[in-house]
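User: I'd like to learn how to read the features of a model like this one. Can you walk me through it?

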Amino acid sequence: MRVLIAEDDAGVRLLARTIAEDLGHECIEAANGQEAWALFTRHQPDVVVADRIMPPGPDGLQLCQAIRDFENNSYTYIILLTSLAAHEEVLAGIDAGADDYVIKPLDPFALYARLLVGYRVTSLHLELSRYRQELARQARTDPLTKLSNRLKLGEDLEVLHQRSNRYDREYSLAMCDIDLFKQYNDTYGHQAGTRHYRPWPPR
Amino acid sequence: MADGAEALDAVSTTCYSAVLMDCHMPVMDGFEATEEIRRRQVNGTRIPIIAMTAGAMAEDRARCLAAGMDDYVSKTVKQAALGDALTRWVCPSVLAPAQGHGEPAEPNHDSSVIDVQRQSVLRSIGPDDGWGLLPATVSAFLEGSPASLAAMRQAVATGDLHSLRESAHQLKGAAANIGAPNVAAICHQLEQASSGPTPADGALIDQLETELDRATRLLLETVPVAR
């Protein structure tokens, strides 16, 4: 997985990087909040290890908040580095969206253990998002013809209509039907009718 | 160690760079323990023993030296005096392991200047040469700390509390990471002071500079840093 380390001290950064790389993860580093946000939006890492205070730019809490607002289908596991075990600071961090925290001075083993959890949690989220996409696709597809179903039609029409309003453009709908198909079913039976269905357009 | 007998055991099983010896302890006092250590070390290297005496009387000192101690600091122990005594007696060549000759020796010195435990944590990961990440992290610290100090001095001069707080926080984190507790503690004071009603003055910065110099010197002596 890809790990973003956002920390203003070069020594701590090096330490965190070594731990993450020992676990076989790819690392990107930011020395302040500004860089961290730029790297996050460009690379969308799976895990972010963020210092609590790292001027200029967003601090650790603001970064948590921004990441949570930004993500839709993905999940970023956020580990906050706090310089002391200040309870309010930790709770504020978790409230802002952090998943876990490590107290500084950074104990390599503590970060190592948390990155293991981070890997597990992001893997689960990835699997979950794949299932979600598949489920959404299935819910909008007719299993026999593989055509989009009524639910999808409703959604597509909504989008189409809004787009035409927004850009002030017209649209037209064509309705396709198979004439006399009921007669075929009545004569040869529904099973025979089903056999004649083919996905259309042909794939 | 809580008494002279324990000290004696410790010295006979582990190689220390120096002993800080309280004169008055239960079971076996500092004088007896020193005499015994000296008796056993006839053929070995002479370990520096520094007395910590409550009385600053000349006769106390004479008694310490007579027992075989090398130096003394009076109680309550002042950091600077202890630092000086250690610098006098603990030879830097003992502290600094020779480069490229197998497993480096464990440096042993004043733990409030340099925290050896923290350093061994840094040595436990990274390159497999016995030094681990220590040289690289020390080098990052030495590179960044003068700028932080300068920024803090500047901030105090101009009364810019916000910058002072930021720089103090930054150096505190860096010092804690590298294992320089005194530097980290003064930075913490400066950070607190810059948020409180009584802003920090130059004296605390001077103190920080002294501690930073001390830590820097020890780091350069004990860690193979490419400069």
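**Reading the helices and their contacts**

Analyst: Happy to. Of the 203 residues in chain A, 28% are buried. Keep in mind that this is a predicted model.

User: What does chain A contain in the way of helices and strands, and in which order do they come?

Analyst: Chain A has eight helices and five strands. Going along the sequence, the pattern is β-α-β-α-β-α-β-α-β-α-α-α-α. As for contacts in chain A with a separation of 6 or more, 56% of them are between residues 24 or more positions apart.

User: Now a single helix. Which residues of helix α2 of chain B are buried?

Analyst: First the general idea: an α-helix has 3.6 residues a turn, so residues three or four places apart point the same way. Now the case here. Helix α2 of chain B covers residues 30-40, and its buried residues are B:G30, B:F31, B:A33, B:T34 and B:I37. Looking down the axis of α2(B), you'd find those buried residues within an arc of 165°, so they line one face of the helix.

User: And which residues are exposed on the other side of α2(B)?

Analyst: There you have B:R39 and B:R40, both exposed.

User: How do I describe two helices that pack together?

Analyst: Two packed helices are described by the angle between their axes and the distance between the axes. Try helix α7 (residues 134-158) and helix α8 (residues 161-178), both of chain B: their axes come within 9 Å and cross at roughly 155°. An angle over 145 degrees counts as roughly antiparallel, and that makes α7(B) roughly antiparallel to α8(B). The crossing of these two helices is left-handed.

User: What classes of residue make up the contact of α7(B) with α8(B)?

Analyst: It has 11 nonpolar, eight polar and no charged residues. From α7(B), the residues that take part include B:F141, B:M152 and B:V156. In α8(B), they include B:L164, B:L171 and B:I178.

User: Can we zoom in on one residue of α8(B)? Is B:A175 buried or exposed?

Analyst: B:A175 lies in helix α8 of chain B. It counts as buried because it has 29 C-beta neighbours inside 10 Å, and the cut-off for buried is 20 or more. Leaving aside residues up to four places away in sequence, B:A175 touches B:A180, B:V183, B:A184 and B:C187. You can also check a longer stretch of chain: B:L142 is 33 residues away along the sequence, and its C-alpha atom is separated from that of B:A175 by 9.9 Å.

User: What about the two chains: how many residues does each put into the contact?

Analyst: Chain B puts in 19 residues and chain A 18 residues. On the chain B side, α6 (116-123), α7 and α8 each supply at least two residues. α8(B) gives the most to that side, with nine residues. Sorted by class, the chain B side has nine nonpolar, seven polar and three charged residues.

User: Which way does α8(B) run relative to helix α1 of chain A?

Analyst: Same recipe as before: distance, then angle. The axes of α1(A), residues 10-22, and α8(B) come within 8 Å and cross at roughly 50°. The two helices are therefore oblique to each other. A:G11, A:V12 and A:L15 of α1(A) make the contact with B:G173, B:A174, B:N177 and B:I178 of α8(B). By class, that contact has four nonpolar, three polar and no charged residues.

Definitions and conventions. Residues are numbered from 1 along each chain as its sequence is written. Chains are lettered from A and ligands numbered from 1 in the order in which they are written. This is a predicted model: local features need pLDDT of at least 70, side-chain atom pairs count only at pLDDT 80 or more; totals for chains, interfaces and linings use all residues. A residue is buried if 20 or more other C-beta atoms lie within 10 Å of its own, exposed if 12 or fewer, and partly exposed in between; C-beta atoms are placed from the backbone. Helices (H or I, at least four residues) and strands (E, at least two) are DSSP runs, numbered from the N terminus. The arc is that of the directions from the helix axis to the C-beta atoms. Axes are lines fitted to C-alpha atoms, for helices over the stretch in contact, and angles run from 0 to 180 degrees between N-to-C directions. Angles under 35 degrees count as roughly parallel, over 145 as roughly antiparallel, 65 to 115 as roughly perpendicular and the rest as oblique. A crossing is left-handed if the near helix is turned anticlockwise from the far one by less than a right angle, and right-handed if clockwise. Two residues are in contact if their C-beta atoms, placed from the backbone, lie within 7 Å. Ala, Val, Leu, Ile, Met, Phe, Trp, Tyr, Cys and Pro count as nonpolar, Asp, Glu, Lys and Arg as charged, and the others, Gly among them, as polar.
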